[in-house]
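Visitor: Could you walk me through this one and show how each label is earned?
Guide: Gladly; let's take a look together.

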Amino acid sequence: MDVRVVEHPLAKSRLSTMRDARTNSAAFRAALQELTLMLIYEATRDAEVAVEPIHTPVARTDGYRLANPPLLVPVLRAGLGMADQAHRMIPEAQMGFVGLARDEETLQPTPYLESLPADLAGRPVYVLDPMLATGGSMVHTISLLTGRGASDVTAICTLAAPEGLRRLEDSGLPVRVITASVDERLNESGFIVPGLGDAGDREYGSV
Ligand code: PRP
């Protein structure tokens with residue numbers, strides 16, 4: 001499984017803001033948006049481009065656009081904080097939605113929303129979720145996508161735990177991961193260490 005860690009100094013600085021327990025919700029959301037920009041930039045690095053002639057005010061030259069824009073799929077709630085920025089970077093993208101809540105005791109994801117195009121064959125899909133912890137939410141989400149024919153999925157996560165990466169790899173699902181950090185481990189409550197706490201709560205408040 002291809003795991004790309006974005007180690008750019010600006011990415012590290014935004015992730016540090018998100019990790020810092022003193023960062024309030026507004027600043028957390030702003031840092032998440034800026035980091036999303038960098039992760040999407042990295043995710044699209046090898047994307048196929050279509051070339052068409054354009055005219056500058058001076059001359060004719062080659063113009064470029066994404067040949068096959070991805071479907072963006074934020075995983076609610078926390079992934080919503082990445083959706084607008086990803087869409088700004090890829091305005092031609094379509095967006096689908098998956099809503100999952102992780103049971104705090106069993107750590108199992110419970111689905112509550114699934115709004116996805118019926119046929120995803122031949123379409124790249126970018127799943128947006130700040131956290132890959134046990135990997136249960138991501139495996140569930142990607143299974144929904146492959147069930148609709150997707151075979152080219154990118155998980156875009158600000159943070160990943162080694163346990164979640166292993167689970168994703170063991171699932172055999174067709175996925176690559178773009179993240180700003182692979183942290184040390186999960187603690188007994190299923191939180192990433194050192195992590196940043198609960199991304200959804202830090203963005204939107206606890207429910
Ligand atoms: C968090 C996070 C991921 C999931 C990761 O969401 O945003 O979706 O947990 O954990 P996993 O890898 O162990 O499945 P949560 O269920 O807390 O919901 P929220 O986004 O609504 O806060």
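**Buried residues and the ligand shell**

Guide: Keep in mind that this is a predicted model. Helix H2 (25–43), strand S4 (71–76), strand S8 (125–128) and H6 are among the elements that cover the buried residues of H3.

Visitor: Which residues of helix H3 are buried?
Guide: In H3, residues 80–89, they are Gly81, Met82 and Ala86.

Visitor: What puts them on the same side of H3?
Guide: They cover an arc of only 110° around the axis, so they lie on the same side of H3.

Visitor: Why is proline 130 called buried?
Guide: A residue counts as buried when 20 or more other C-beta atoms lie within 10 Å of its own. Proline 130 has 28, so the label fits. Its place is the loop between S8 and S9, and its contacts include Gly81 and Met82.

Visitor: And what makes alanine 133 buried?
Guide: With 27 other C-beta atoms within 10 Å, alanine 133 meets the cut-off of 20 or more, and is therefore buried. Alanine 133 sits in the loop between S9 and H4; Leu186 and Ile192 are among its contacts.

Visitor: How do you know that "binding site" applies to these two?
Guide: That comes from the UniProt annotation, an unreviewed entry, which covers Pro130 and Ala133, among others.

Visitor: Which residues are closest to the ligand?
Guide: Of the 23 that surround the ligand, the closest are Arg77, Arg102, Thr134, Ser137 and Gly200. The shell divides into 12 nonpolar, 7 polar and 4 charged residues.

Technical notes. Residues numbered from 1 in each chain as written. Predicted model: local features only at pLDDT ≥ 70, side-chain atom pairs only at ≥ 80, totals over all residues. Near = placed C-beta within 6 Å. Nonpolar A, V, L, I, M, F, W, Y, C, P; charged D, E, K, R; others polar. Buried ≥ 20, exposed ≤ 12 C-beta atoms within 10 Å, placed from the backbone. Helix = DSSP H or I, 4+ residues; strand = E, 2+ residues; numbered from the N terminus. Arc of directions from axis to C-beta. Contact = placed C-beta atoms within 7 Å. UniProt positions renumbered as here; feature names shortened; annotations may be inferred. Lists of a residue's contacts leave out its neighbours within four places in sequence.
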